Amino acid sequence: MIELWRGGRLESTHLGHAVICDETGQIVESWGDPAATIFPRSSCKMLQALPLLESGAADAHGLTDRQIALACASHQGAAIHTEAVTRWLSDLGLSEADLRCGAHEPYDTAERNRLIRADEKPCQCHNNCSGKHSGFLTLNRHIKGGPEYVDPDHPVQQAVKAAFEETTGETSPGYGIDGCSAPNYATSVHGLARAMARFAAATGSGDARDRAMHRLTRAMGQYPEMVAGEGRACTELMRAMDGRVAIKTGAEAVFIAIIPERRMGIALKITDGGTRGAEGAIAALLVKLGVLDPAHPATLKRLDAVQKNWRGLETGIIRRAPAFP
């Protein structure tokens, strides 16, 4: 799918699978094996957030669209993210200790440096999945579940599994435990693209699921800075498309796109797990479908991207493979 050239020679290649689906769930175009089973990882956070909205928990607790976007986030742990999570938990009468995602150093440089200068340790609010977990806790408060909401047998995760399988149109063959300790259900690349096409076709005027899909998609497009953060592909590419398309990355080089104006969904997986390949591939597909400007700086940062060394000399280029897309 994606190639790196140096000195006029092919240096590296990124292989993968990709599917574009229409609103009926049919494959419009595909590359690789559409039936390949993958873990969607964080690319499916909008699926994991469906029960939060469908149950009425989001409305009952007065969640804003900014918080809905944060529930779908793999954020940088910047101040805008951690402060929003802290306020969200406080509004629930909960605290950082109620999260079950674990703590890691923030990816945001300013926040990381602040912690170092203050001799503070990162907390669970810095976890890139803390927004999703705040959504889990909101649903859990609404249904009066027990504290271990990431347990696969917990009602929160059972609701997530049901929504996941119904929306992908497949029975999941199983789950793995994600980096944030929540179960992550496997599906095919086609199933993931089918789910994204259903989000793209949602009008907001149908049943509870239609309304939930519509709101999640619009919230992501409206608040791209909450979904990832400055410098990240999700944020920069959504801004480049003026919020008309919602996109989301997942660990190990998964990427999805929800394109309401085309009523299409995209899912892709780069088999080597490399982010460089996944970002180039999603940019190529968005350009192909006419929703992303190939000359936009956010595009050129990831596709037809000139590589420079520390002296500023051009050393190579990242570009699409001849047969893709």
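**View 1. The residue E3 and its partner across two strands.** E3 stands opposite T13 in β2, in a predicted model whose local features need pLDDT of at least 70, whose side-chain atom pairs count only at pLDDT 80 or more, and whose totals for chains, interfaces and linings use all residues. Residues are numbered from 1 along each chain as its sequence is written, and side-chain values use heavy atoms, with hydrogens and water left out. Strand β1 (residues 2-6) is joined to β2 by 5 bridges, and the two run antiparallel; strands are DSSP runs of E with at least two residues, helices are runs of H or I with at least four, and both are numbered from the N terminus.

**View 2. The open sheet and the helix across it.** The 4 strands of this open sheet follow the order β2-β1-β13-β12 with antiparallel pairing, where two strands pair if DSSP finds at least two bridges between them. Because β2 (9-14) and β12 (305-308) stand at the edges with a single partner strand each, one side of each is left without a neighbour in the sheet. From one strand to the next the twist averages 25°. Helix α13 (residues 275-288) lies across β1, β2 and β13 (314-320) and runs at about 115° to β1; axes are lines fitted to C-alpha atoms, for helices over the stretch in contact, with angles from 0 to 180 degrees between N-to-C directions, and contact means heavy atoms within 4.5 Å.

**View 3. The largest pocket.** About 310 Å³ of space lies in this pocket, and of its 18 lining residues R232, A233, T249, T275 and E279 are the closest to its centre. A pocket is an open set of points on a 1 Å grid over the protein atoms alone, with protein on both sides within 12 Å along at least five of seven lines, whereas a cavity is a set of points where a 1.4 Å probe fits but cannot get out; lining residues have an atom within 4 Å of a point. Grid points are joined across faces, edges and corners, and a volume is the space filled by probe spheres set on the points. Strand β9 gives the largest share of the lining, 3 residues.

**View 4. The largest cavity.** A search of the whole structure finds 1 cavity of 30 Å³ or more, and the largest cavity has a volume of about 50 Å³. Its lining consists of Q48, A49, L52, A71, K132, G135, F136 and L139, with the largest share, 4 residues, coming from helix α7 (residues 130-143).
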